[in-house]
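Student: Please take me through this structure, and tell me each time what justifies the words you use.
Tutor: Gladly; let's put each value next to its definition.

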Amino acid sequence: MQTFVALVLLWFSHWTSTLHGVPVTQIIPQENFDLGKFMGVWYEVAVTSTCPLYMQRRRGSSAGAAMEMRPSESAANINVTSSTFRSNSCQERSTQYHLTDTPGRFLYHVPRLSADVELNVVQTNYDEFAMMVLLSTERPTGTRTTILKLYGRTANMTSGMVSEFTSLVQRHGINPDSIVTTEPKGCKVSSLNGAP
């Protein structure tokens, strides 16, 4: 009887540690993360996700986002402005990322999807690349999605950085064949175009 109970507990533990068949990994941001060095402009160059609908939309467009992170008036937040090519034009969106007690981890809300997002910078050298793991929870359904993104200070990435990102994707139980490479399509955030 004890063996049976132990087996049931083991199965339940394994079942609760997966999400849509994908292992759930505890996300740990980069050690000694330096927010000041991380500020500035980043270009999305590759992305993958556990959400089939999200990936279908991303495969339909190679447009990536240009993103600028700037200090906020509040020490508890940072301002993030992103520009993405949609409907034949560059569209800008501003968001406030809330700082957490864990350096390299940010929280923000996406009203369009009614989703709360936890963003973790898991690897960066600040000057060339950044790898991020985003955990999204839609309200009120509780639907959870994992998104992995590779950003660069420029839109051009080396094969080594892509290889590192592929390894990260595999560690999260996602098929690397699902990775979509993107390009900013010439979109820049307004502050880079000389706008106030």
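Student: Where does T141 lie?
Tutor: T141 sits in the loop between β9 and β10. Those labels come from DSSP runs, numbered from the N terminus, with helices being H or I runs of at least four residues and strands E runs of at least two. Two notes before we go on. This is a predicted model, in which local features need pLDDT of at least 70 and side-chain atom pairs count only at pLDDT 80 or more, while totals for chains, interfaces and linings use all residues. Residues are numbered from 1 along each chain as its sequence is written, and side-chain values use heavy atoms, leaving out hydrogens and water.

Student: Why is T141 called exposed?
Tutor: Its relative accessible area is 59%, and the cut-offs are under 20% for buried, over 50% for exposed and partly exposed in between (1.4 Å probe, protein chains only). T141 is therefore exposed. Its C-alpha atom is 9.7 Å from that of S114, 27 residues away along the chain.

Student: What joins R139 and P140?
Tutor: A cis peptide bond, with omega at about 0°. P140 belongs to the loop between β9 and β10.

Student: Is T137, in strand β9, buried or exposed, and how do you know?
Tutor: T137 has a relative accessible area of 16%, so it counts as buried. Leaving aside neighbours within four places in sequence, T137 is in contact (heavy atoms within 4.5 Å) with S114, A115, D116, G142, T143 and R144.

Student: What makes the phi of N32 worth pointing out?
Tutor: The angle is positive, near 55°, and N32 is a residue other than glycine. N32 is in the loop between β2 (22-23) and α2 (35-38), and its 68% relative accessibility makes it exposed. Y126 also has a positive phi, about 70°, without being a glycine. Y126 lies in the loop between β8 and β9, and at 12% relative accessible area Y126 is buried.

Student: How do you know that P29 is buried?
Tutor: Its relative accessibility is 9%, so P29 counts as buried. P29 is placed in the loop between β2 and α2. Not counting residues up to four places away in sequence, P29 touches T102, P103, G104, R105, N120, V121 and V122. P29 and P103 are 74 residues apart in sequence, yet 7.2 Å apart in space, C-alpha to C-alpha.

Student: Which residues have the most contacts inside the largest nonpolar core?
Tutor: They are F38, M67, M69, Y97, L119 and M132, in a core of 26 residues. The elements giving two or more residues to this core are β3 (40-49), α3 (52-59), β4 (65-71), β5 (77-86), β7 (105-110), β8 (115-124), β9 (129-138) and β10 (144-152). β8 gives the most, with 4 residues. Another core, of 15 residues, lies apart from that one and includes V45, M161, L168 and V169.

Student: What makes such a set a core?
Tutor: The set consists of buried Ala, Val, Leu, Ile, Met, Phe, Trp, Tyr and Cys residues joined through side-chain atoms within 4.5 Å. As for M69, leaving out residues up to four places away in sequence, M69 touches F38, M39, G40, W42, I78, N79, V80 and Y97.

Student: Why are the buried residues of α3 said to be on the same side?
Tutor: The buried residues of α3 are Y54, M55 and R58. They cover an arc of only 95° around the axis, which puts them on the same side of α3; the arc is that of the directions from the helix axis to the C-beta atoms. The face turned away carries the exposed residues P52, L53 and Q56. The buried residues pack against β3, β10 and β11 (180-181).

Student: Which residues lie nearest the centre of the largest pocket?
Tutor: Y54, R57, R93, R112 and K149, out of 37 lining residues. The largest share of the lining, 5 residues, comes from β5.

Student: How many helices and strands are there?
Tutor: The protein has 4 helices and 11 strands. Of its 196 residues, 42% are buried.

Technical notes
1 Å grid on protein atoms, 1.4 Å probe; cavity = no way out; pocket = protein on both sides within 12 Å on 5 of 7 lines; lining within 4 Å.
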